[in-house]
Amino acid sequence: MNTAVIEKPAKVAINGVDVPTLIATIGAVGEQPELAEFQFRAQSHWVKGTQSQTRINGFTGAGGEQSRDDDFVLDSDHPAVLCGGDQGAAPVEFLLAALASCITAGIGNIASVRQIKLDSVKTEVAGDINLLGILGLSDQLRNGYTGISATFTIKGNATPEQLRQIVEKSVARSAVFDVLKNGTNVQVNAVAA
């Protein structure tokens, strides 16, 4: 009797994702769940008017304090039509970018683990907001978005159904989507200097 072993092809790096390392990381965290505890941080300072600058670098995770070689610097401002200096994206626009980026990163990882080569992933995200709440002109309207829509156009060497499933899986695993969909506890402290 022939008992030939059918081997699965090895997972290789694809789409710029080091798949063997990603799979090894998932395995290590599965064996040591405490490695999954992270805290990300950002430090911001007011520049002028509605402009602020935020620096992002250190965070804790994977069992210790982590840092990058350089800070990421984000400038934020309101558009001129909202009395800002238009020196950066509005904070609500950063939220849209965070959603798009988080789901897109997941698409890249999931497609790569499935060994599907991506040709392109394009995202359009839009958020509807009524400023009457922010401006203090209505107590009936919320200050934030009333709705957000996102469209992911994905092209790769897979069937349309497989590509759609990759997007769905990424949404299901997205931290930013989770925070927006389910909310999170936010604590704000004010300290006079």
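## What "buried" means here

A residue counts as buried when its relative accessible area is under 20%. Exposed means over 50%, and partly exposed lies in between. Keep that cut-off in mind for Q51 below. The structure is a predicted model.

## The chain as a whole

The protein chain holds 4 helices and 8 strands. Along the sequence they follow the pattern α-β-β-β-β-β-β-α-β-β-α-α.

How does the radius of gyration compare with that of a compact globule? For 193 residues, such a globule would come near 16 Å, but this chain has 21 Å. The C-alpha trace spans about 80 × 40 × 30 Å along its principal axes.

## Surface, burial and contacts

Of the 193 residues, 21% are buried. The accessible surface of the chain is about 13,800 Å². Carbon and sulfur atoms account for 55% of that surface.

Now take the contacts with a separation of 6 or more. In 48% of them, the two residues are 24 or more positions apart.

Charge is also easy to sum up. The chain carries 15 positive and 20 negative side chains. The centres of these two sets lie 7 Å apart.

## An open sheet of three strands

One sheet is open and has 3 strands. Their order is 1-4-5, and the pairing is antiparallel. Strand 1 (39-40) and strand 5 (64-66) stand at the edges. Each has a single partner strand, so one side of each is left without a neighbour in the sheet.

Strand 4 covers residues 59-61. It runs antiparallel to strand 5, and 3 bridges join the two. Within this pair, F59 of strand 4 stands opposite Q66 in strand 5.

## A hairpin

Strand 2 (residues 43-48) pairs with strand 3 (residues 51-56). The sense is antiparallel, over 5 bridges. K48 stands opposite Q51 in strand 3.

The two strands form a hairpin with 2 residues between them. In this hairpin, G49 takes a positive phi near 55°.

## A closer look at Q51

Q51 lies in strand 3. Is Q51 buried or exposed? Its relative accessibility is 10%. The cut-off for buried is under 20%, so Q51 counts as buried.

Which residues does Q51 touch, leaving out those up to four places away in sequence? They are W46, D75, S76, D77 and Q87. One of them, W46, falls within strand 2, the partner of strand 3 in the hairpin.

Methods: Residues are numbered from 1 along each chain as its sequence is written. This is a predicted model: local features need pLDDT of at least 70, side-chain atom pairs count only at pLDDT 80 or more; totals for chains, interfaces and linings use all residues. Side-chain values use heavy atoms; hydrogens and water are left out. The radius of gyration is taken over C-alpha atoms; the globule rule is 2.2 Å times the number of residues to the power 0.38. Buried means under 20% relative accessible area, exposed over 50%, partly exposed in between (1.4 Å probe, protein chains only). Contact means heavy atoms within 4.5 Å. Accessible areas come from the Shrake-Rupley method with a 1.4 Å probe; for residues, only the protein chains shown count as cover. Lys and Arg count as positive and Asp and Glu as negative; His and the chain ends are not counted. The place of a charge is taken as NZ of Lys, CZ of Arg, CG of Asp or CD of Glu. Two strands pair if DSSP finds at least two bridges between them.
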